[in-house]
Amino acid sequence: MKWVLVFIYLYEGNPFAMKVDSFDNMMDCFVMREQLSITQEGPRPGTFPLGQQALCIQRNDDETYG
């Protein structure tokens, strides 16, 4: 199984999502999610500003995404 980090945000009330990166394991995905939260200047590591979130989503190895 692979993991995909997806960043979700609201812009003018509309939701948008984008793929950040793919990972071979859950822990690498979680580490990158925490780094992203710091980049986005959440109130503390692992949290995001209002209107933003990121998810690590497991997928099959044979699935392809942009």
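**Close-up views of the predicted protein chain**

**Figure 1. Contacts across the sequence.** Contacts between residues at least 6 apart in sequence include many that reach further along the protein chain: 46% join residues at least 24 apart. The model is predicted.

**Figure 2. Order of the elements.** The protein chain holds one helix and three strands. Read from the N terminus, the order is β-β-α-β. The C-alpha trace of the protein chain spans about 35 × 25 × 10 Å along its principal axes.

**Figure 3. Helix α1 along its length.** Helix α1 covers residues 26–39, which makes 14 residues. From its first C-alpha to its last, α1 reaches 20 Å, close to the 20 Å expected at 1.5 Å a residue.

**Figure 4. The two sides of helix α1.** Cys29, Arg33, Leu36 and Ser37 are the buried residues of α1. These residues lie on the same side of α1 because they cover an arc of only 100° around the axis. Met27 and Thr39, on the other side of α1, are exposed.

**Figure 5. Cover over the buried residues of helix α1.** The elements that cover the buried residues of α1 include β1 (2–11), β2 (14–23) and β3 (52–59).

**Figure 6. Surface and charges.** Of the 66 residues of the protein chain, 23% count as buried. The accessible surface of the protein chain is about 4700 Å², and 55% of this surface belongs to carbon and sulfur atoms. The protein chain has 5 positive and 9 negative charges, and the mean positions of the two sets are 3 Å apart.

Notes
Residues numbered from 1 in each chain as written. Predicted model: local features only at pLDDT ≥ 70, side-chain atom pairs only at ≥ 80, totals over all residues. Heavy atoms only, no water. Helix = DSSP H or I, 4+ residues; strand = E, 2+ residues; numbered from the N terminus. Buried < 20%, exposed > 50% of the residue type's maximum accessible area, 1.4 Å probe, protein only. Contact = heavy atoms within 4.5 Å. Areas by Shrake-Rupley, 256 points an atom, 1.4 Å probe, with all protein chains shown as cover. Lys, Arg positive; Asp, Glu negative; His and termini not counted. Charge placed at Lys NZ, Arg CZ, Asp CG, Glu CD. Expected span 1.5 Å × (residues − 1). Arc of directions from axis to C-beta.
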